Amino acid sequence: MTEDNNLSTDVNFLKPLTNSQYTLGLHGSANRARVNQRTFTATDTFSGLLTKVPEAYCVGKVVGPNYIYPIAGHIGIDAVIEDFINLTLFANLAGGDAKPGVGGSPPTMADKLTFTTTVSASAVPGVTFTPVTDAFQLTSATGTGLADRTDVHQVTVGVAIAPTGVVELDPLRSYLFSSSRGGAAADPTDHITRSPLIVGRRVIGGGSPSERLAVLAADQAKSPEVEVRRLR
């Protein structure tokens, strides 16, 4: 969210002289801006949504389109889930049997949505005086008031089905080069796969194996943004 509140004024003075005129223009402004950025990650499982969310959860809440702030309304998650199921069942999204060691990969998909809302208002009142004397006097004055606000909401949705025995390489690398490597854990991969937290480049989250895999998919979808900015 970026909010701007600007005020400015212009005042003009006039002094008639012999065969000429002396003018003086004054300008003043007071500009204020406020920027707020909030980032968070939420994960769910299909079983949790089906069994733990009450049927009346959405009663009295915004569940349709919101034309001012789309992120607060219907953003099309149902279409994302439907596409993921169709790709998984009928389009070989998993790329084989999705078992470690046999060339397959678990089915994952990530969608990135961006919603931008801009609201702006301004007013420019002014007054002009007709000179009637030769004295130094005010001829015109104007003021400008501007208020605008821009809200940018970005949602990255990661969906995944994790088969058993999947090893997450990024956490494994972090473990192998950490001080805890010399601990009593007999199998480092077992230690990593049991960890409920994933710390990625842009996303932090975790939960079940499928939730962690979805977090990694979302993190991969957002990571190219960092690489492009570095090249610039």
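The following exercises, with worked solutions, concern a predicted model of a single chain.

**Exercise 1. Overall architecture**

Determine how many helices and strands the chain has, and in which pattern they follow one another.

*Solution.*
Step 1. The count gives five helices and seven strands.
Step 2. Read from the start of the sequence, these elements are arranged as β-β-α-α-β-β-β-α-α-β-β-α.
Step 3. Of the contacts between residues at least 6 apart in sequence, 62% link residues at least 24 apart.
Step 4. The chain has 232 residues, and 21% of them are buried.
Step 5. About 16,100 Å² of the chain is exposed, with 56% of this area supplied by carbon and sulfur atoms.

**Exercise 2. Confidence of the model**

State the average pLDDT of the chain and identify a segment where pLDDT stays under 50.

*Solution.*
Step 1. The average pLDDT is 78, and 75% of the residues score at least 70.
Step 2. Residues 188–193 form a segment in which pLDDT stays under 50.
Step 3. For this segment the model has 13 contacts beyond four places in sequence.

**Exercise 3. Salt bridges**

Find the salt bridges in the whole structure, and describe the setting of the residues that form them.

*Solution.*
Step 1. The principle is that side chains of opposite charge can pair when their charged atoms come close.
Step 2. Searching the whole structure yields two salt bridges.
Step 3. One of them joins the side chains of Glu3 and Arg34, with an N to O distance of 3.1 Å. Glu3 belongs to strand 1 (residues 2–17) and Arg34 to strand 2, so this pair ties together parts that are 31 residues apart in sequence.
Step 4. Arg34 has a relative accessibility of 46% and is therefore classed as partly exposed.
Step 5. Arg149 and Asp151 also meet through their side chains in a salt bridge, at 2.9 Å from N to O. Arg149 is partly exposed at 32% relative accessibility, whereas Asp151 is buried, with a relative accessible area of 6%.

**Exercise 4. A buried charge in strand 5**

Which side chain of opposite charge is nearest to Asp148, and which residues does Asp148 contact?

*Solution.*
Step 1. Asp148 is located in strand 5, which spans residues 137–160.
Step 2. Asp148 is buried and has no salt bridge. Its nearest side chain of opposite charge is that of Arg149, 9.1 Å away. The cut-off for a salt bridge is 4 Å, so a separation of this kind does not qualify.
Step 3. Beyond neighbours within four places in sequence, Asp148 contacts Thr2, Glu3, Asp4, Val119 and Ser120.
Step 4. Thr139 provides another position in strand 5. With a relative accessible area of 15%, Thr139 is buried. Residues up to four places away excluded, Thr139 touches Asn12, Phe13, Leu14, Val127, Thr128 and Phe129.

**Exercise 5. A nonpolar patch on the surface**

Identify the residues of the nonpolar patch and the strand that gives the most to it.

*Solution.*
Step 1. The patch consists of Leu17, Tyr22, Leu24, Leu26 and Phe136, which together have about 460 Å² of accessible area.
Step 2. Strand 2 (residues 20–35) gives the most, with three residues.
Step 3. Phe136 sits in the loop between strand 4 (126–128) and strand 5. Its relative accessible area of 41% makes Phe136 partly exposed.
Step 4. Gln21 is also found in strand 2 and is exposed, at 56% relative accessible area. The C-alpha atoms of Gln21 and Asp134 are 9.8 Å apart, although 113 residues separate the two in sequence. Not counting residues up to four places away, Gln21 touches Leu14, Lys15 and Pro16.

**Exercise 6. Two loop positions**

Locate Asn36 and Ile161, and relate each to residues elsewhere along the chain.

*Solution.*
Step 1. Asn36 occupies the loop between strand 2 and helix 1 (46–52). Asn36 is partly exposed, at 39% relative accessibility.
Step 2. Between the C-alpha atoms of Asn36 and Glu3 there are 8.8 Å, for a sequence separation of 33 residues.
Step 3. Ile161 is placed in the loop between strand 5 and helix 3 (169–176). Ile161 is partly exposed, with a relative accessible area of 42%.
Step 4. Ile161 and Met109, 52 residues apart along the chain, have their C-alpha atoms 9.7 Å apart.
Step 5. With neighbours within four places set aside, the contacts of Ile161 are Phe84, Thr88, Pro106, Pro107, Ser210 and Leu213.

Terms used
Residues are numbered from 1 along each chain as its sequence is written. This is a predicted model: local features need pLDDT of at least 70, side-chain atom pairs count only at pLDDT 80 or more; totals for chains, interfaces and linings use all residues. Side-chain values use heavy atoms; hydrogens and water are left out. Helices (H or I, at least four residues) and strands (E, at least two) are DSSP runs, numbered from the N terminus. Buried means under 20% relative accessible area, exposed over 50%, partly exposed in between (1.4 Å probe, protein chains only). Lys and Arg count as positive and Asp and Glu as negative; His and the chain ends are not counted. Contact means heavy atoms within 4.5 Å. Patches are made of residues with over 30% relative accessible area and no salt bridge: like charges are joined within 9 Å, nonpolar side chains (Val, Leu, Ile, Met, Phe, Trp, Tyr) within 5 Å. Accessible areas come from the Shrake-Rupley method with a 1.4 Å probe; for residues, only the protein chains shown count as cover. pLDDT is the predictor's confidence in each residue, from 0 to 100.
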